[in-house]
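Student: Before I accept the labels used for this protein, I would like to see each one set against its criterion. Could we go through them in turn?

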Amino acid sequence: MIDFAGSDFFSEFWHYYVAAFTVLGILFSLWLLSSQTTKKLAEGEQAEMMAPTWDGDLQELNNPLPRWWMWMFYGLIFFGIGYLVLYPGMGKYAGTLGWTSFKEWKDDKDAVDAEFDKVMGPYKNQSIMAVAADPKAREMGQNLFMTYCSQCHGSSAQGGKGFPNLTDAQWLFGGTPEDIQASISGGRIAEMPPMGDAVGGEQGAKEVANYVLSLGGKPHDAALAAAGQAKFAACAGCHGENGKGMAAASFPDLTDDAWQYGGSESAIAQSIIKGRKGGMPAQSHASGGVLNDSKIHLLAAYVWGLGGGKQPAASAPAVVAAPASN
Ligand code: HEC
Ligand code: HEC
């Protein structure tokens, strides 16, 4: 993670560079101001007229700077020095108040979170399935989804290439309320190594891709599929002999229609040759994300309620817990 509290400088040099220019700038301003404000009109002395005049009647006099103006400039310089003592500004010097923009952002964010939590917090005491049945909670969940999830999973949550559809009953990491909550909180990474060499390059990948299509009962080239059958042994360890995957180990079913990376012959061949590695970023505070528990609870309920949610394994027949009354 980025260390927000640390220095912004990658090398000590820039710290001294910035600090030196800041000090020189202040000294230069002081010198400039004092050198330009030493002259004072003596008693009865008149300011000289500078030649020439413009347009016949616009004249320039060399009056000295008014004193109040001069003191205002000195005041500004000393304000600047005071500021640099209190706040960061001199290279990496942090300032005596210890102010950081990250801290300020975090304080503001915590304050807003606390405000939201008055509304969202109470749902945490209800089961995810109960929350999913509450229209008001679903609306909040949807708003959160639009903000934090739609850029990857799409605003309808149906995913896209590389990003799983969250509305179907096919889950790579499990579809119970707990599974979904865990996917969101901690993030997920499923990884398939590049298998091009194992299947004998492009041609082999094409053959295995056709065999995969045949396993799912989809249109395929029978001759290529036959040639790919033996090579599928390299895949069976993870995706199973029959290509149905292993839900418990996040190895996807290759026989259904839920493709994360595309189900055409060429998309499957690309999955084989390149390997695949999805990355769902962790969202919870504890994992370095920006969402607190209340928001994750609402999001899990929203996703669970999109249509593909599964019953929790332990309490299989017990369906929806009664909503807590409040
Ligand atoms: C940066 C892109 C990105 C963002 C943002 C993102 N996800 Fe994901 N999500 C993914 C990817 C990629 C996967 C699949 C990971 C894999 O295949 O290894 C995934 C997987 C999931 C899964 C598991 C799906 C399964 O089949 O088991 C859930 C649930 C999920 N995301 C929900 C969310 C929610 C809710 C949010 C918003 C808080 C969110 N995601 C934000 C990219 C993202
Ligand atoms: C070490 C385990 C492993 C092996 C071996 C392996 N895979 Fe995979 N495969 C995975 C995982 C894990 C994913 C999911 C990657 C992700 O979600 O980003 C995956 C994803 C895929 C996908 C994409 C599925 C989709 O929804 O788009 C295809 C196609 C695929 N594998 C085919 C194969 C074939 C064919 C072989 C044999 C040549 C093979 N895999 C070998 C683990 C494996």
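Tutor: Let us begin with the metal: donors are N, O and S atoms within 2.8 Å of the metal. With that in hand, and bearing in mind that this is a predicted model, we can take the labels one by one.

Student: What makes Met192 and His239 protein donors of the iron atom of ligand 2?

Tutor: The SD atom of Met192 and the NE2 atom of His239 lie 2.0 Å from the iron atom of ligand 2, and the cut-off is 2.8 Å, so both qualify as donors. The pair links distant parts of the chain, since Met192 belongs to strand 3 (residues 188-192) and His239 to helix 11 (residues 233-239), 47 residues apart.

Student: Why is the arrangement around the iron atom of ligand 2 called octahedral?

Tutor: The iron atom has 6 donor atoms around it, and the angles they subtend run from 87 to 179°. Six donors count as octahedral if opposite donors are over 155 degrees apart and all others between 65 and 115, and the arrangement is therefore classed as octahedral. For reference, the ideal angles for six octahedral donors are 90 or 180 degrees.

Student: How do you know whether Met192 and His239 are buried or partly exposed?

Tutor: Buried means under 20% relative accessible area; His239, at 9%, is therefore buried, whereas Met192, at 22%, counts as partly exposed.

Student: And why is Gly162 called buried, or partly exposed?

Tutor: Gly162 has 18% relative accessibility, so it counts as buried. Gly162 sits in the loop between helix 6 (150-153) and helix 7 (177-186), and, leaving aside neighbours within four places in sequence, is in contact with Gln260 and Tyr261.

Notes
Residues numbered from 1 in each chain as written. Chains lettered and ligands numbered in written order. Predicted model: local features only at pLDDT ≥ 70, side-chain atom pairs only at ≥ 80, totals over all residues. Heavy atoms only, no water. Donors = N, O, S within 2.8 Å, 3.2 Å for Na, K, Ca; no water. Tetrahedral: all angles 85-135°; square planar, octahedral: opposite > 155°, others 65-115°. Helix = DSSP H or I, 4+ residues; strand = E, 2+ residues; numbered from the N terminus. Buried < 20%, exposed > 50% of the residue type's maximum accessible area, 1.4 Å probe, protein only. Contact = heavy atoms within 4.5 Å.
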